[in-house]
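User: Please take a close look at a single part of this model and explain how that part fits with the rest of the chain. I would like one connected account.

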Amino acid sequence: MRFRLPRTLKRGLIGLLGTTVLLGGLSACAGRQEHGWGGPMNEQRSAEFRGKMIEKVGKKLELNDQQKQLLGVLSDKLQEQRKALLAGGADPRAEIQALVAGPQFDRAKAQALVTEKTEALRSKSPEVVAAAADFFDALNPAQQQQVRDFMQHRGGRFRHG
């Protein structure tokens, strides 16, 4: 007889893992010292990064002003969602480490963390989806194909070069 985890616990653990990976990646990106940015991302640096990202993507896809504006809205919505995920000021790594700090895995704290992060995603996701759809739908067919090709060949990450 095999032991099987209940479906809700499986989903919770998968959600926790996904959230951990997402938050770990975000915190790693925020602290990167790439292209002379150095140090953690503050509001000013975030705005500068946003401007450069829109400029770079705008050139690559040959975006018009309306498309650049929609990309800016998408960027803002993603930033809002990121802030909601990181709300509370706790270090994501420290939160995960706290789950295994004792002699047993802290199930209650893990479930509370999953619920908190899931709710943050759930509350902001409709705005992010709408902004992504508005941006993508405003692209002409050639630009849409460039986005598809880029995502397929580069894993969906905008790289330098």
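Analyst: The part chosen here is helix 3, whose buried residues are Gln67, Leu70, Leu71, Gly72, Leu74, Ser75, Gln81, Arg82 and Leu85. The model is a predicted one, and every value below is computed from it.

Helix 3 covers residues 65-85, and its length can be checked against an ideal helix: at 1.5 Å a residue, its 21 residues should span 30 Å, and because the end C-alpha atoms are 30 Å apart, the two values agree. At the start of helix 3, a side-chain oxygen of Asn64 comes to within 3.1 Å of the backbone nitrogen of Gln66.

The setting is helical, since DSSP assignment gives the protein chain 6 helices and 0 strands, running α-α-α-α-α-α from the N terminus on. Of the 161 residues in the chain, 24% are buried. Among contacts between residues at least 6 apart in sequence, 61% join residues at least 24 apart. The accessible surface of the chain comes to about 11,300 Å², with 57% of this area belonging to carbon and sulfur atoms.

Several of the buried residues of helix 3, among them Leu70, Leu71 and Leu74, belong to the largest nonpolar core, an 11-residue set that also holds Ile54, Val57, Leu61, Leu63, Ala131, Phe135, Leu139 and Val147. Helix 2, helix 3 and helix 5 each supply at least two residues of this core. In soluble globular proteins, nonpolar side chains tend to be buried together. The list of buried residues in helix 3 nevertheless also includes Gln67, Ser75, Gln81 and Arg82.

One of the core residues, Ala131, shows where helix 3 meets another part of the chain: leaving aside residues up to four places away in sequence, Ala131 touches Val73, Leu74 and Lys77. Of these partners, Leu74 is itself a member of the core, while Lys77 takes part in a network of salt bridges that links Lys77, Glu80 and Glu127. Lys77 therefore brings a side-chain nitrogen into a network whose pairs must lie within 4 Å of a carboxyl oxygen.

A search of the whole structure finds 6 salt bridges, and those outside the network give some context for the neighbouring helices. In helix 2, which spans residues 43-61, Glu55 and Lys59 lie 4 residues apart, about one turn of the helix, and they form a salt bridge whose closest N and O atoms are 3.8 Å apart. Glu55 counts as partly exposed because its relative accessibility is 45%, whereas Lys59, at 62%, is exposed.

In helix 5, which spans residues 107-138, Arg122 and Glu119 are 3 residues apart, again about one turn, and their side chains meet in a salt bridge at 3.4 Å, N to O. Arg122 is exposed at 53% relative accessibility, and Glu119 is partly exposed at 41%. An α-helix has 3.6 residues a turn, so residues three or four places apart point the same way.

A further salt bridge joins Glu116 and Lys117, with the closest N and O atoms 3.5 Å apart. Here the two partners fall into separate classes: Glu116 is partly exposed, with a relative accessible area of 39%, but Lys117, at 2%, counts as buried because the limit for that class is under 20%.

Key:
Residues are numbered from 1 along each chain as its sequence is written. This is a predicted model: local features need pLDDT of at least 70, side-chain atom pairs count only at pLDDT 80 or more; totals for chains, interfaces and linings use all residues. Side-chain values use heavy atoms; hydrogens and water are left out. Buried means under 20% relative accessible area, exposed over 50%, partly exposed in between (1.4 Å probe, protein chains only). Contact means heavy atoms within 4.5 Å. Accessible areas come from the Shrake-Rupley method with a 1.4 Å probe; for residues, only the protein chains shown count as cover. A nonpolar core is a set of buried Ala, Val, Leu, Ile, Met, Phe, Trp, Tyr and Cys residues joined through side-chain atoms within 4.5 Å. The expected span of a helix is 1.5 Å times one less than its number of residues. A polar contact is a pair of N or O atoms within 3.5 Å; within protein, one must be able to donate a hydrogen and the other to accept it, and residues adjacent in sequence count only if both atoms are side-chain atoms.
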